[in-house]
Structure formats: structure tokens, C-alpha cells
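Trainee: Before we look, I would like each label to be tied to its cut-off.
Mentor: Then ask for the reason behind each one.

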Amino acid sequence: MTGTWLGMPPFPEAARKALGDTQLRTNLRKATGTIRGKRAAVVAERADWEALRVAGKEIKDRTLHNLDTYLEQLERNVTAAGGVVHWARDAAEANRIVIDLVRAADADEVVKVKSMATQEIELNEALAEAGIAAYETDLAELIVQLGHDRPSHILVPAIHRNRAEIRDIFLREMPGVTEALTDDPAELAAAARAHLRRKFLTAKVAVSGANFAVADSGTLVVVESEGNGRMCLTLPEVLISVVGIEKLVPTWQDLEVMLQLLPRSSTGERMNPYTSTWTGVTPGDGPREFHLILLDNGRTDALADDIGRQALRCIRCSACLNVCPVYERTGGHAYGSVYPGPIGAILTPQLRGVTADEVSPTLPFASTLCGACYEVCPVLIDIPQALVHLRAKAVDAKRGKPSAERAAMRVAQWFFGSSRRLRVAQRLVATGGRVLSRRGRIGRLPGPLKGWSGARDTATPPRRTFRTWWESR
Amino acid sequence: MRVALFITCFNDTLFPATGQAVVRVLERLGHEVVFPPDQTCCGQMHFNTGYQRECVPLVRSFVDTFADADVVVAPSASCVGMVRDFHGRVAEVSGDRGLAAAVAETAPRVHEFTEFLVDIAGVTDVGAYFPHRVTYHPTCHGLRLLKLGDRPQALLRAVEGIDLVDLPDATECCGFGGTFAVKNSDVSVAMGTDKVARVLATGAEVLTAADNSCLMHVGGLLSRSKSSVRVMHLAEILAGERG
Amino acid sequence: MTAREEILGRIRSALSTVDKTETVVSRDYEQTIEGDLVELFAERVADYRATVVRTAADRLPEAIAEQLAHFGISSVVTPADLPAQWVPHADTDAPPLRVPALDATDGVVTACAVGIAETGTIVLDAGAGQGRRALTLVPDFHLCVVRADQIVGTVPEAIARLDGTRPLTWISGPSATSDIELNRVEGVHGPRILVVVIAGAPEEVPQATRMSSISTP
């Protein structure tokens, strides 16, 4: 991790700040509400949706359980089709490979297709340090880049911005834009088209990610809406794709499942406007050079965890973000990572390590375990299960150091150890509760009970527990 | 039918009226209720907060306590979810095969109250009377872990005199989330505040659910905002009688 | 150790306790659909606010000409192997036009490889009458001819017909974005106008009929 996400505070702290931003909450409520409705409608159209989800899960499990085999197969097929395959252990190595390739092409700028992998490795920052300008071409990425902002959503990185804010950013940062620009989304899209047109037509090098990489054909797949992807994948002379090693599917046929699951889950469409597939290089059609960089960057650590591994099934659709009541209220920045929301809460601590920084150990706790995410996940990632598992990892990592929480948990465990002890605890609760109670209610309390009592009253604990009533019957 | 009641530590200590209501409904329907006195806690708080090791003795004690019961009923969707879906995982973490086998024996016999009534006792009309305007919040663990579906509403609809009104966006979490309510209290309160607004929009006198934990959270917010809306476990509505 | 060896080694050790027998993939989802596929295709393409026109095969040149006139497209480029009678006065992409020349062209007319009824998608595979990928990308207007017999019901049927090693472009409506408040608006970098002409058997559709249009809001 380099500069962008460095020093992010623990989730609760960042969330508190975000909750104070009423504009943010309005924007998020509107956007996630819209997309939830669209997704629900196109999913309801498919009587076989559950069968598709099961197939999606099984395809990705098959991939992960034999990942070494499929990676080697992919490498063979890409190479045979005229592509060059590189391997990168971590972000620094991947960035170095990209920089060397751009320099070899004698270029000082690149156009980019939206890609989570290159955000994760903070490629743009690394390129800038090497004197290479990176131009984001996806509309939302462009909004984030021009706004000197951070992405807050997997699919729509600028989801936290509404049309008026986007107009202001364009007005401020986009050369040639005048006050005549309105906040009509169609006009804003047209402004982005005009702004990027020349870049597309002249760029020598493009950098992309990939939604899928097919092992048995060596084919890469990019799923998009705007056509910026097609521009980047087709017009420049050199194409560099940075792809996480978990993005594979074993067979060409497997795409028939993924291409149905992804658009319905992400943008709520039967099919996204454009999907491009390419295999190596095709003479006379598209780039002359194709480089595939296979990225680990923590993925093999996640792969080694029996329960955590399922996070690698993720196809980055964002459905879990859009239904998450926590995400809807805090937005993505609070998660301190390019992967926000429920999937981020289980992916980030695994890619970085659960104790890597301030925010990572708090992410598995950034959920009520309500399960809405699991309900919509197109590849059946049991996010609540993984969250609870990672909570245990976070707790276990701190064993041996003093912790008030662990002390309290130990005390609770002791009291729950027998019904006799439980009765003692119950008497303490009843007595304590009556001491603190005013007019039948317990109001605001100091210390460790502040978090609970700051906004909630508690009814005075009754004198008689259930078991004393039962015994007196 | 002879039914072993798992009251849950939370209801035992803070909401005995719920347990009394469960007993009243079950006995009214002709079932025999027994209360194994050694019971304490299912371990949900420890498990969900990351203290899986600390959870092991609690699971052991649970399976010992209920080993002989044919049918166990608990008035808490989240505790039943813990027992049925996660006691197996705790046993796995402990590495104790005997415990794993005991869990596999016991866990499937544990039922949430409304699930027991509709699926096992085969009733939806329990002969209750409750002449009030009520709205029902399906708690997340009841909805998504236990998949209670329409069972609670079917029971409520059969109550004489009830005016049952739909809660808008009912399936959205209330924000309680166990220790989430403390660890992430700001988000928890923000979610709960939105839930409160929806409850108030229904004009209901009573908010009900199959879990007192969520009700304690939403009820605590309602009380702080000086609302007159009461929260009440569904069992207490089903226990209501004329006169 | 090279990065390649190291990553593969990490994977193997991560999977040391995993059962390596291939997970079976159950494919219990729909493979085909019933009903009038051409009708469904036309309806679903139109849902994306593309223009859909149905015509008898022997009236295809007239139907194309009508659409070009309707949208005011005066300069047209076509792949070199598109039947010449479809668009009599078009420039052909042979030798390949340079990008600025393509950018200066109003529109492109192509054939396609497959149409998918369920999703309203056309797929180009750089095969007969389709040309290279840049051709259907840079001009702002794309008219694509789909023969009725090229329309399949489902995505699985399309995947089975397509060769994964050819460069493919799947197109579902005109260029669009959902990046502003998650509402779909048409028109970003790809062609902002997409016209799909469905060519039936000569006796099937006696006259070109217009299904819908994006030109007026």
C-alpha cells in the first residue's frame, strides 16, 4: 500500500465522520436505491437464477482449487496467440513491469480502462512518479481523478457524487468546459466524450484489467458500458492488462454463466452495452503487442484460508455494496481500501493481512451480519461466515496483549459457565440496573456503556428472572 | 408434545415476560413444557465477536443440557440460528470430534418459536386476542438464516382483533447486530433511527419481532425519542387473551 | 526464484489440503427458450433504446438506405467484404482507413455473427461483413444487419456458436453509462446511435416496419 489509503483510521472512526455528511448520505441512498430496484427486476425475470448462482460458484471453486494448473494453461494459450505473460508477486513488481513496458514503447502517457487491480496496486501514482501520465477513461474514474478524490464503490467509483457536484468538478478541472454546461447526465457524458476523444485516437499504450481470463482458450474479457474499454483495447499499439490470478475461469463455456450473472448483478441490465474478448494479438485488428501481468499481491494468502478463500470467487459486481445497510450510510471511503462494502470487509484484511494497519482489523466488524450481501451474491460468497471467521482471526492475532474487551468476554464466559454462576450475574444485573434506573428506564451512561446508552434507553431489568418465575410456579 | 424450553440468557435475565408468554401459548395448545435448569447461553455473542475459543465450553454445556430433549423451542431467531448454523463450526474449531457428533445430534432439534408452532405443532391460529395496531419487523437472522418466511405474519394475522400493518422496507436490518451496536454505535444508531422513522410512519401502537435483542435496540431509540410506540415480542401478542 | 515459480509455489502450498479432484459444474440453468425469438430479439434490442427495423431480405438495401437518410448519415464506411449492393455508395475499409479518417466518417454498416434474443445482444466476430473492431467503434453511428437465422435464444447458445479465439465484440444497445447516480444515459464513447436491421426470409416481412427509435425523447 502506498500513499492513497495510508493512515486510514479504524472503520468506526471513519464511519462517524462519514455519517455527518448529509449530502453523501442523500447521494448514496438515491443511487443504491435505484440500482437495487433495477437488479431485483432483471433477476426476477430469470426463473433459473439460483441455478446460475450455483454454477457461478462451482466454476470459481473449480478455478481456485486447481489454480496452478489453469494459470499455466492460460499462459500457454496467451503465449501461443502472440501475447506476452508476466508474473508479479506484489504491487511494486507489477508497477515496475508496467513502467518498463510503457518506456519500451517510447510513450509518456497511457489511457486506462477502469480496473480494480490497477487501483489496488496504485498504478497511477507509480506511473506519475516515473513521469508517465495516466488518463482514466471510465466516466466515474474520470470524475474521481479530476476531483482529486478516492473511489468509493467498485462499479461506480464516484457514486458518492451527485450530478451537481460532477458538473462542478468538470467546470473546475476539464479544459474547455464553460458555464453553459448543465448538470443533465447526458450533457455531462457528452462533455466526457469530447474531453477524452483525442486521447483515445492518439494514445500509443493502454492499460486495462480484465473481468475474466479463460484458461482453455487464452481469452481475456472486459465487460463495460461506455465504449472507453473498446477504445483502449482496440486503438493503441500496445495493450497491457493487469489481472489478479483469481480472475480465471477454466473454459470458454464458463463465460455463458458469468456473462449472465455479472450484468444483472452489477448494473441491473440483461446485458451491459459492450463486452470485448480478445486472445493474444490479431494481425490487422487491434494492438500489435499484448502483455498480460498476472498479479498475486496477497491473493495466495487468501487462497490458503479454507473459509476466507471464497472471497476470491468475487466477480466485482458490487451487488453486496448496493444492498448493504452499513455501506449505504457510511459510503465507501470509510473502508479505507479500493474494495469497500461487505466484500471489501473480507477481501481487504486478507489481501493486506488482518493486522496490517489501523483499518484492516476493524473491517470484519463493520457489519451487523444481516446477510443481505449473501442473499444477492452471484457466486454465493457467504460473506457473514467469512466476516465471523476473520473476526476470530483479528481477535486471535491480539491474544497475549491486554484487552478490556477480551477481559469482559472472559468474565461473561465464566458467568455462563454454569446456571449457578448465571444466577449471580442476573442478580448483579438486576441490582445494578435498578441503581442506574430513573422512572423505569436507564438513560445515558458513562464509560464502556456510553456506546450503547448514548442514543438508546434501556428498560430497567426486572426483579424476577424467568427461571425464578418458573421455579415459583 | 413434550417441549424443552431454551429461554436464552438474554430473555431469562431481561425479558422474562417473553418466556412466560411462550409457556402460556404452548400450554394453551396442550403441550407439556419443561425447563432444563442447567441451561445458560448459546455462545452467540462470543462467536460473533471473534471469541470462538471462549465459545467452546458454552456449546459443550448447551449440548449436555439438551441432549435428552426431543424438541427444543427458543423465542429467539438469532440464538436458534447460532445453535443450528454455527455450533458445528465451534465444535470444528475445538477439534473435539465427540462434541461435533453431539452438536450434529442436538442442533437440528432446536426450533424457533414461530417455526415450532407452524411447522411442528401445525397451527397458525393459537387462540389469541390482541386489539391493537401492530407492525412486524422480520429480524435478519429469522429472515435469512432460519428463513422463517411468512410464518410469523401468518400467526399474527390469525390473532383476533389485531390490526396488522406492513412496515415499509421491512427486510432492512435495524442496525442492532449484537456487539456491533457498541463497536460501531454510530452506524448502528443511524440504521436504527431510519427503522424508527418507518415504524412511526405505520401509525402502529406496537412494534413486534421474533427477537428481543433487535427490539431492545429499536425500543431504546423509540423511548429516547419519547415515542409512545411499545415494543413487544411476538410471543407476548400470541399469549394475549380476551378479558 | 522467478515470480512465476514463487507464485505457483505459493498456490500449491495454499492448496495442499484441498481435494484436487475437479469440482463438477452443474449446469441446471436454461439452455434454450421457447417462443418467437425474432420478435423477442427485436423487443429486447429496442429496450436499450436502439432503433430496430425488420425487413424482408430482398428489401434490405432499401431498408438500410431509409435508415441512413433518417439519421442524416452521408458518409458511410463498410467492411471490404460486405455485399456491395447493401450500401452502394459506401467507402470500403480496404486498405484500412486510418483512425482520423474513421473519426471523420458519419457511420458504419456491418453484418454480425450472432444475435441473442434473451438479452437483445448482437455479437461481432470480425468474420464475414464485420471488419476489424475499430470500424464499428469510432464512427458515431452503427447500423448492424442481423439475419433472422442468426438469432439464437440464449447466451449459452451464442457461446456455443462463437469461437473464443476470434476478437469478439458483444453489443447491447448504444454506448451508455450508469455512472451518474446509477441512472442509465445513452451516449459516451462508442457509437451513440445503434440501428439493428433484422433481415427475414424474402416472403416473411413484406415491408420494412419501424419498431422504435431513440431519436426523439
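The dialogue below goes through interfaces, domains and single residues.

Mentor: This is a predicted model, in which local features need pLDDT of at least 70, side-chain atom pairs count only at pLDDT 80 or more, and totals for chains, interfaces and linings use all residues. Residues are numbered from 1 along each chain as its sequence is written, chains are lettered from A and ligands numbered from 1 in the order in which they are written, and side-chain values use heavy atoms, with hydrogens and water left out.

Trainee: How do you know which chains are in contact?
Mentor: Contact means heavy atoms within 4.5 Å. There are two pairs of chains in contact, and chains A and C share the most contacts. Chain B and chain C do not touch, and their nearest C-alpha atoms are 16 Å apart. Between chain A and chain B, 63 residues of chain A are in contact with 61 residues of chain B.

Trainee: What area is buried between chain A and chain B?
Mentor: About 5,400 Å², with 59% given by carbon and sulfur atoms. Buried area is the accessible area (1.4 Å probe) that two parts lose on being put together, summed over both. In chain A, the residues that lose the most area to chain B are A:Met409, A:Phe416 and A:Phe466, together 14% of what that side buries.

Trainee: What makes B:Glu54 and A:Arg399 a salt bridge?
Mentor: The term asks for a side-chain nitrogen of Lys or Arg within 4 Å of a carboxyl oxygen of Asp or Glu. The side chains of B:Glu54 and A:Arg399 meet at 2.9 Å, N to O, so the pair satisfies the rule. The count between chain A and chain B is 13 salt bridges. By class, the side of chain A that touches chain B has 29 nonpolar, 15 polar and 19 charged residues. Here Ala, Val, Leu, Ile, Met, Phe, Trp, Tyr, Cys and Pro count as nonpolar, Asp, Glu, Lys and Arg as charged, and the others, Gly among them, as polar.

Trainee: Why is B:Glu172 called buried?
Mentor: Buried means under 20% relative accessible area, exposed over 50%, and partly exposed in between (1.4 Å probe, protein chains only). B:Glu172 has 14% relative accessibility, so it counts as buried. Its place is in the loop between strand E6 (163-165) and helix H10 (180-183) of chain B; helices (H or I, at least four residues) and strands (E, at least two) are DSSP runs, numbered from the N terminus.

Trainee: What makes the pair B:Glu172 and A:Arg329 a polar contact?
Mentor: A polar contact is a pair of N or O atoms within 3.5 Å; within protein, one must be able to donate a hydrogen and the other to accept it, and residues adjacent in sequence count only if both atoms are side-chain atoms. The side chains of B:Glu172 and A:Arg329 are joined at 2.7 Å, so the distance falls within the limit. Leaving aside neighbours within four places in sequence, B:Glu172 is also in contact with residues including A:Pro325, B:His137 and B:Lys195.

Trainee: How is chain B divided into domains?
Mentor: Into domain 1 (2-120) and domain 2 (133-238); such bounds come from an automatic or database domain assignment. The C-alpha centres of domain 1 of chain B and domain 2 of chain B lie 22 Å apart. The contact takes 30 residues from domain 1 of chain B and 21 residues from domain 2 of chain B. These two domains bury about 2,000 Å² between them, 67% of it on carbon and sulfur atoms. The count between them is one salt bridge. The side chains of B:Arg151 and B:Asp119 meet in a salt bridge of 2.9 Å, N to O.

Trainee: What makes A:Arg316 and A:Ser318 worth listing?
Mentor: Most residues other than glycine have a negative phi, and most peptide bonds are trans. Phi of A:Arg316 is near 60°, a positive value, and A:Ser318 has a positive phi of about 80°. A:Arg316 lies in the loop between helix H13 (299-303) and helix H14 (319-323) of chain A, and A:Ser318 is found in the loop between H13 and H14 of chain A. A:Arg316 has a relative accessible area of 11%, so it is buried; A:Ser318, at 3%, counts as buried.

Trainee: Which peptide bond is cis?
Mentor: The one that joins C:Ala94 and C:Pro95, with omega about -5°. C:Pro95 lies in the loop between strand E3 (91-92) and helix H4 (99-103) of chain C.
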